[in-house]
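I set out to look up how helices pack in this model, how its metal is held and how its two chains meet. The entries follow in the order in which I made them.

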Amino acid sequence: MSTDIFQAMAQSVIDGEKEEAARLARQAVTDGIDPLVAIDQGFVAGMRYVGEQYTLGEMFLPDLVLAAEAMKAAIAELEPEMARRGTARQVLGTVVIGTVEGDIHDIGKTLVGTLLSANGFKVYDLGVNVPLQTFLDKALEVNADIIGLSTLLTTTMINQRKFVQALEAAGVRSRFKVLVGGAPVTRSWAAEIGADGYSEDASGAVQAAIQLMQGG
Amino acid sequence: MAGNILSISQPRFRVQPLSETDIQRIHEATLHVIEHVGVRFPSPRALELWQAHGAQVDLHTSTVRAPAALIEKALRSAPPTFTLAARDPQQDLPLDGDHVFVGTDGCGVEVLDLESGQRRRSCLQDVADIARTADALEEIGFHWVPVSAQDRPAHTRSLHELCAIWGNSSKHVQTESIVTAHEAHAAVRLAEMVAGGPLALRQRPILSIMQCTASPLAQDGGSLEAALVAAEAGLPVGFMTMASAGSTAPATPAGTLVVGNAEVISALALMQLAFPGAPVFYAAAQTAMDMRTGGYTGGGPEDFLFGAASNQLADFYHVPLSMGSFATGAKLPDWQAGVENSLSTFMACASMADMLLGVGLLHGSRIWSYEQMLLDCEIFAIIRRVLQGIRVDEDSLALETIAAVGPSSHYLAQKHTRQNMRSLWMNRFFDRRPYDTWEALRDGPPDFARAKARQILASHQPQGMDERLSAELGDFLSYLDAEEPA
Ligand code: B1M
């Protein structure tokens, strides 16, 4: 019976059916299944499949985003039970991400956030036009490992530098890794402003974030 | 001196992908969306205007829901035709529905250096050099800010860019790099200095301004306020949707047209509510997302369809259209750039878009290439010739000449040939040389284009600006540079 429900969980993620995923999560709680086991053997298995198919070019970005949403819905249902049992899901790291103040480009940043969360990071997406102080406040609040700043405008790139400087001024530079990206941002710009990580696209951002967590 | 500007006029045939019923349905769907879903206008000034005219405004989310009648009435006050004036009146551009003009593309961030071929960050000198090249090219009717002057302070960059173009060309300038009211005020002031005062500017707007909407169904506050400042000064103002099917718009082209249309016409309606009769234009560069990477493709069959369909919509609203064409993801002036830029531009031209943006950028409007700029101009020249169609009359049927030559023989020695041969298209950049010639040199169209660009830059002298005026503009820029960034 258990294998059936795990398979259904995986399938709900593959199909990107949020309501179904949430329903199965609730059922798992009722049935007394350990939430961590439900996540690992059910939902994550589905996510892994979608990830593989996406890499192979068989599934498309909307498949991936819908799968991630279904996964999120399931986890939200399981969280109270995890808290009750005193367990927690293993995450690769916590990321605060957003598009810097003065810039409203949304899609690239959202994609990076989605892929990070699909790959096991806990992601707080602050949206667009985000004041630098808001990044810092949120990062402190959730004890983030990585702060991700996206920008697509040459006029707002400077805010990435200002942010690194602000972290230094606040004496918290060593507490966070700073990841930067966006259309005009280059590896040499990232180095110039003293950011810790850079990538040109979303899958690269996942690799960069994993490396940063490994201390690279 | 720049020569005559080449435009497409009186085409012999047109492309119209939408039927009248289709247009009506898209229009009605759009009004439904504006009235029931709403569009975000995150600007206090814009929200006040909407409220004053009876739209339903949610101040918390900045969402405006405007009744269909309000939108339709506002749009009716937009002038159907107007002229983009140039510093040199000979280069004025009538947006009268019977001309297609080409501009340079805009806001690239890197340049393929004309001498070294290396890719590097763009600077003010690039803006000046590209403007001077564009001034010499007859296919180019007006300028966008081609690349960003990254060696100038961010808060005045857009203004340095404007002055660099004016200093190097007497053609019309349309800026797309101004996104705050503060910059817009300064730009109007500079344009007044060039035009000879506020009234002269209003009568002959040598500057127009293009803003982006923020798909889906939103505007950018700063851009709205900048547009209001420009409209108040009498500058033509346009709003461009870049709705991307699958990411910032529905995955169906019809749905993408609706979302983009709602953004554009709601913004144009706002301009009319604020300043009835202000010259406004529709602008569009819709695309379809790359389903594998989420990337903004800007070039593909859907784009080509959008190019023609948008003009049908703009015509329906009786406003000029500025259409994104020549958009390519190619990294070099290659096969991909040729296919994407030819087809997008053909579709937009064959539906008579008033303005086309624009020549010269590669890699999703990020990297400037002089080679591509000239090759794009050639694409326009080819399409221009195609749309002139086939003239059928007594002279062109050439019966007398046919009789004179008779069967076999040839037409090389006919007066009729000499009289008409110059109306056949003349190649500038295709490689039609013997194979051996090519094999010895192994060069091709981009190389021919590069040589031409170098020649233009080495020799072309634009109609200069009065020295005192240049100095005044420079002083004003220095004053602005010294101001605290807003
Ligand atoms: C934290 O770590 C990381 C790591 C990697 C990260 C990362 C963070 N963030 C991104 N990445 C990376 O991974 C992502 C996924 O693979 C990638 O993200 P991208 O965002 O690059 O890729 C997305 C998946 C798809 N790409 C995009 O969505 C951007 C495409 C282009 C065409 C673009 C679009 C679509 C838009 N735009 Co704008 N836009 C352009 C863009 C040109 C281009 N080709 O990049 C660019 C960036 N825009 C530009 C401009 C000028 C503007 N835009 C504006 C507005 C818009 C729209 C709203 C219309 C729209 C965005 C819609 C939306 N909802 O997001 C205006 C900005 C207003 C403002 N205050 O922000 C406006 C100022 C235009 C105007 N006059 O209104 C140019 C900037 C030039 C410059 N010199 O700075 C531009 C290069 C186009 C051009 N040539 O004009 C990587 O960069």
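I began in chain B of this predicted model, with helix α12 (residues 370–387) and helix α17 (residues 445–459), whose axes come within 8 Å and cross at roughly 100 degrees. Because angles of 65 to 115 degrees count as roughly perpendicular, I entered α12(B) as roughly perpendicular to α17(B). I then listed the residues that meet: Y370(B), E371(B), L374(B) and L375(B) on the α12(B) side, and P445(B), P446(B), A449(B), R450(B), K452(B), A453(B), I456(B) and L457(B) on the α17(B) side. Sorted by class, this contact of α12(B) with α17(B) comes to nine nonpolar and three charged residues, with no polar ones.

I turned next to chain A, where helix α1 (residues 2–14) and helix α3 (residues 35–55) have axes that come within 7 Å and cross at roughly 40 degrees. That angle makes α1(A) oblique to α3(A), and I noted the crossing of α1(A) past α3(A) as right-handed. From α1(A), the residues in contact are F6(A), M9(A), A10(A), S12(A), V13(A) and I14(A), and they meet a set in α3(A) that includes V37(A), F43(A), M47(A), Y49(A) and V50(A). By class I recorded twelve nonpolar and four polar residues in the contact of α1(A) with α3(A), and no charged ones.

Still in chain A, I looked up α5(A) against helix α9 (residues 202–213), which pack at an angle of about 50 degrees with their axes 9 Å apart. The two helices, α5(A) and α9(A), are therefore oblique to each other, and α5(A) passes α9(A) in a right-handed crossing. L111(A), V112(A), L115(A) and L116(A) of α5(A) make this contact with A202(A), S203(A), A205(A), V206(A) and A209(A) of α9(A). I counted the contact of α5(A) with α9(A) as eight nonpolar residues, one polar and no charged.

For the metal, which protein atom is a donor to the cobalt atom of the ligand? I found a single protein donor, NE2 of H105(A), at 2.2 Å from the cobalt. I placed H105(A) in the loop between β1 (93–99) and α5 (107–118) of chain A.

Last, I went to the interface, where 14 residues of chain A are in contact with 16 residues of chain B. The area buried between chain A and chain B is about 1300 Å², and carbon and sulfur atoms give 61% of it. On the chain A side, I104(A), I107(A) and T154(A) lose the most area to chain B, together 33% of what that side buries.

Notes. Residues are numbered from 1 along each chain as its sequence is written. Chains are lettered from A and ligands numbered from 1 in the order in which they are written. This is a predicted model: local features need pLDDT of at least 70, side-chain atom pairs count only at pLDDT 80 or more; totals for chains, interfaces and linings use all residues. Side-chain values use heavy atoms; hydrogens and water are left out. Axes are lines fitted to C-alpha atoms, for helices over the stretch in contact, and angles run from 0 to 180 degrees between N-to-C directions. Helices (H or I, at least four residues) and strands (E, at least two) are DSSP runs, numbered from the N terminus. Angles under 35 degrees count as roughly parallel, over 145 as roughly antiparallel, 65 to 115 as roughly perpendicular and the rest as oblique. A crossing is left-handed if the near helix is turned anticlockwise from the far one by less than a right angle, and right-handed if clockwise. Contact means heavy atoms within 4.5 Å. Ala, Val, Leu, Ile, Met, Phe, Trp, Tyr, Cys and Pro count as nonpolar, Asp, Glu, Lys and Arg as charged, and the others, Gly among them, as polar. Donors are N, O and S atoms within 2.8 Å of the metal (3.2 Å for Na, K and Ca); water is not among the atoms, so sites may look incomplete. Buried area is the accessible area (1.4 Å probe) that two parts lose on being put together, summed over both.
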